[in-house]
Amino acid sequence: MLDDRKLKILYAIIDSYISTSEPIGSRTISKQYDMGVSSATVRNEMSDLEELGFLNKAYSSSGRIPSDKAYRHYVNYLLSSHFDEISKNTYGVDILSRHIKEKSKIFKESAKIISEVTECITATMITDYMDCSVKSIDVIKISGNSYVLVFVFDNGKVINTVFNSKTELSDELLQDLIFYLKKYLINVKVTDLNDRLEYLKLTFVSKIPFITDITNLIGNEISKTEKSNIELEGISNIFNFPEYRDLNKAKELIHFLENKNELEDLFLSYNGDEIYVSIGRENNKDFLNENTIVATSYDLGDGSKGKIAVIGPTRMDYEKIISTLISLNDRFRDILK
């Protein structure tokens, strides 16, 4: 547990490094941040913080820079004891137009605003089904060999499609089919359905030959609905940060952003409406070790969800970005009433 003085010094270093991208020494901290102690005392405290893993020594100077651990501590502070204060800041999101009602246009406008406000890259995704799970499933006989497949998801969305079997199913086979579909598909996320469908196909084909046709039908219907719409804004913003003067690092990040499957995986890796922050090595990808992703999701009504991610260097302005995402959520609620 860090005492108040160490916290004050740590947050001063983080604040300075976010603003200047320059390592900072004890004399500068003592002069600029009114610590009320000598630079020698600040130096000792910085040494302790370095031993604890909160600071790293810069290669080109005697100054220190924050570590991923420091940023994590700072973000946790912002999201807990400082949350009420930062949630009052709007940072220009109030200009999001009230007259826009179409979800895709709201997100396109919001991504552009957030990118301009935060000076980072912004990615958005709207999806109707990919985040939800199967709530119920049924196969209902209409007449002869005609049936209707009914899928209900936990977000209220419903899929129903009429199909014909090659032969009329007996009541017993139909009940067996429904039993296995419910047993293996209820409460399964849409993103995991294909694996379950393959399992059903391989395991029960000898018992219920028709299960191959029905699982293929379900797979086709799901593939029609799980498409996501990903938009990017502000890719050129990365060149405003000294961290991306290394063109290889910039190319790696741009390549990641251009890969829609990678971005889809990123968006689907978290759930809920809370602010999600993944810092440096927490991203578990080498090319993102020096980057932070701040994301959240919004309920857009009608069972749809929108997700927004702000991507930049670990030396990003966390307070401004988190405040912007929080105020955007309030703005959405206002617009979509």
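Two strands pair if DSSP finds at least two bridges between them, and that idea will help you read the sheet described below. The model here is predicted. Its secondary structure comes to 12 helices and 10 strands, and buried residues make up 48% of the 337 residues in the protein. What follows is a friendly tour of a few regions worth finding in the viewer.

**The protein as a whole**

- The protein exposes about 17000 Å², and carbon and sulfur atoms supply 46% of that area.
- Take the contacts between residues at least 6 apart in sequence: 60% of them join residues at least 24 apart.

**The sheet of β4, β5 and β6**

- These 3 strands form an open sheet in the order β4-β5-β6, and the pairing is antiparallel.
- At the edges are β4 (134-143) and β6 (158-164), each of which pairs on one side only.
- On average, and ignoring direction, neighbouring strands of this sheet are turned by 15 degrees against each other.
- As general background, strands of a sheet pair through backbone hydrogen bonds, either parallel or antiparallel.
- Between β4 and β5 (residues 146-153) there are 8 bridges, in the antiparallel sense.
- To find this pairing on screen, look for Ser136, which stands opposite Val152 in β5, and for Ile137, which stands opposite Phe151 in β5.
- The hairpin of β4 and β5 has 2 residues between the strands, and Gly144 takes a positive phi near 55 degrees there.
- On to the next pair: β5 and β6 run antiparallel and are joined by 7 bridges.
- A handy marker for this second pairing is Tyr147, which stands opposite Phe163 in β6.
- In the hairpin of β5 and β6, 4 residues lie between the strands, and Gly156 has a positive phi near 95 degrees.
- Strand β5 is mostly covered, with 6 of its 8 residues buried.
- Helix α7 (residues 171-185) lies across β4 and β5, and runs at about 165 degrees to β4.

**Strand β3 and its partner β7**

- Strand β3 (residues 121-127) is also mostly covered: 7 of its 7 residues are buried.
- In a regular strand, side chains alternate between the two faces of the sheet.
- In β3 both faces are covered, with Ile121, Ala123, Met125 and Thr127 buried on one side and Thr122, Thr124 and Ile126 buried on the other.
- Strands β3 and β7 run antiparallel and are joined by 5 bridges.
- Within this pairing, Ile126 stands opposite Asn229 in β7.

**Asn237 in its loop**

- Asn237 sits in the loop between β7 (229-233) and α10 (247-258).
- Asn237 counts as buried because its relative accessibility is 14%, and the cut-off for buried is under 20%.
- Setting aside neighbours within four places in sequence, Asn237 is in contact with Ser115, Glu119 and Cys120.

**The two sides of helix α11**

- In helix α11 (residues 260-268), the buried residues are Leu263, Leu266 and Phe267.
- Looking down the axis of α11, these buried residues fall within an arc of 95 degrees, so they line one face of the helix.
- Asn261 and Asp265 are exposed on the other side of α11.

**Helix α1 and its packing with α3 and α4**

- Helix α1 (residues 4-20) packs with helix α3 (residues 39-51) at an angle of about 85 degrees, and their axes are 10 Å apart.
- That angle makes α1 roughly perpendicular to α3, since 65 to 115 degrees counts as roughly perpendicular.
- The contact is made by Arg5, Lys6, Ile9, Leu10 and Ile13 of α1, together with Thr41, Val42, Glu45, Met46, Asp48 and Leu49 of α3.
- Helix α1 also packs with helix α4 (residues 68-79), here at an angle of about 100 degrees and with the axes 11 Å apart.
- The helices α1 and α4 are therefore roughly perpendicular to each other.
- On the α1 side of this packing, Leu7, Leu10, Tyr11, Ile14, Tyr17 and Ile18 meet Ala70, Tyr71, His73, Tyr74 and Tyr77 in α4.
- One residue to highlight is Leu10 of α1, which takes part in the contact with α3 and also in the one with α4.

How values were computed:
Residues are numbered from 1 along each chain as its sequence is written. This is a predicted model: local features need pLDDT of at least 70, side-chain atom pairs count only at pLDDT 80 or more; totals for chains, interfaces and linings use all residues. Side-chain values use heavy atoms; hydrogens and water are left out. Axes are lines fitted to C-alpha atoms, for helices over the stretch in contact, and angles run from 0 to 180 degrees between N-to-C directions. Contact means heavy atoms within 4.5 Å. Buried means under 20% relative accessible area, exposed over 50%, partly exposed in between (1.4 Å probe, protein chains only). Accessible areas come from the Shrake-Rupley method with a 1.4 Å probe; for residues, only the protein chains shown count as cover. The arc is that of the directions from the helix axis to the C-beta atoms. Angles under 35 degrees count as roughly parallel, over 145 as roughly antiparallel, 65 to 115 as roughly perpendicular and the rest as oblique.
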